[in-house]
Amino acid sequence: MWWSHNRKRLWMMMTTTFWIVSHGFLHPRMMPHYYPLMELNQDIEKIHKVKVMGKNMVCYKNGNGTYIVHTDVCPHQGASLSKGWINEYGNLQCPYHGFEFCSGMFCKIPNPELGPPHFRSKIRMTVYPTRQENGMLFLSPISSQTLSPPDPFFPPEEYDESFRAVSGSTIIHRPYMMVCENLLDMLHISYVHSFGNAVSPLPHSIRYFPTGNVSGRTEFHYKPNDFTISNRIGKVSKVIVHNEYHLPTNTITRVIAGDVIKTVFTRSLPVHKNKTILYWKVYRNFWQDPYFPWFSRIGDWLLETLMKSTIQEDLDILKNVYPEFREGRLKTKYDVTIQKFRESVRDAILTSQDMYNNASHTDNRYLEAFHDVESF
Ligand code: FES
Ligand SMILES: [Fe+2]
């Protein structure tokens, strides 16, 4: 008698709360591209709580070694799943009542006498696709069997053995668009950065061209000053700078002085309205010697120190920029990369919203993905 009663309750709970979904969107303002979620050099066996576009998510490795990312909110009574643990079967167990979830699906209540040891239920959380590449875990905002975003972007330097790199990450309490636009802004360099050329701040020539459907590059030609790394290392009369964007949040600043190349590559994770994690990597084809590793390590230290002080100089100015007035009506030709980036972002967000609207027309249960997001 008690068993049939409990079985009935279990069945009702399995069928009434959540349904299988084939699409899911983290946030309607996310672009249909892979975003950087975390570096994989940290303690990857742990459960991680991550926040993306204001939405609380949990990230963990299941029994097959696959990274699973879904909402951090338990579909039973709302406990934070990231405070739970991964058991011997690779299932995520909620800390409140111990319910188990197999890759997002409710699959066990921790009392074997009350029912089968495992079951397949319709109670599922939307699981967002992940990709691991070159030490970084990426997250797609769209969970779909039919739509897949393009591969995560890496600059060519990543695969070129003549380059050596240092990398790091910085938390910035500013909106992600402001952070990206600052990285695509060559004009502030002479004023904000100690290595900038205040004597001749403007480039001799400037040329923008698209490099793909979701990317573009501006090429600047400068005269180096006596204090720039380019001049000290390269001893050249001309410096070329490539400033590029690749959706969703990747930027490149490639400084070319003769044979010497220094490339700053960044990607940003929008954490919430006013918080961004900036992942950066600085590549160089100089200050390295295979026979004297200490020489290369000193080069690493110098580049890392320079990058950190550069970011600090940016933070000092960005904290005094009004986010809602970034797109002022005074525009110059030097702002072209930012303009093109904004246009591409708007197009991509419209595409994403179309996909969301089409999905929600056919099944308004997709709205499940929006319960705990902030508006951007
Ligand atoms: S709140 Fe998670 S099992 Fe009850
Ligand atoms: Fe800067």
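Let's start with helix H2 (residues 176-183), which lies across four strands: S11, strand S15 (250-257), strand S16 (260-272) and S17. Helix H2 runs at about 170 degrees to S16. A second helix, H5 (residues 293-318), packs on the sheet as well, where H5 touches S11 and S17. The direction of H5 makes about 25 degrees with that of S11. Please keep in mind that this is a predicted model.

Here are the two helices side by side:

| Helix | Residues | Strands involved | Angle |
|---|---|---|---|
| H2 | 176-183 | S11, S15, S16, S17 | about 170 degrees to S16 |
| H5 | 293-318 | S11, S17 | about 25 degrees to S11 |

Now for the sheet itself. Seven strands build an open sheet, and following the order across it takes you through S11-S17-S16-S15-S14-S13-S12, with antiparallel pairing. At the edges sit strand S11 (164-172) and strand S12 (205-212), each of which pairs on one side only. From one strand to the next, the twist averages 15 degrees.

The pairing of S11 with strand S17 (residues 275-284) is worth a visit. These two strands run antiparallel to each other and are joined over nine bridges. To find one of the partners in the structure, look for Thr170: its bridge partner in S17 is Leu278.

Stepping back to the whole protein chain, you will find six helices and 17 strands. The chain has 376 residues, of which 35% are buried. Among contacts with a separation of 6 or more, 60% come from residues 24 or more positions apart.

Definitions and conventions: Residues are numbered from 1 along each chain as its sequence is written. Chains are lettered from A and ligands numbered from 1 in the order in which they are written. This is a predicted model: local features need pLDDT of at least 70, side-chain atom pairs count only at pLDDT 80 or more; totals for chains, interfaces and linings use all residues. Two strands pair if DSSP finds at least two bridges between them. Axes are lines fitted to C-alpha atoms, for helices over the stretch in contact, and angles run from 0 to 180 degrees between N-to-C directions. Two residues are in contact if their C-beta atoms, placed from the backbone, lie within 7 Å. A residue is buried if 20 or more other C-beta atoms lie within 10 Å of its own, exposed if 12 or fewer, and partly exposed in between; C-beta atoms are placed from the backbone.
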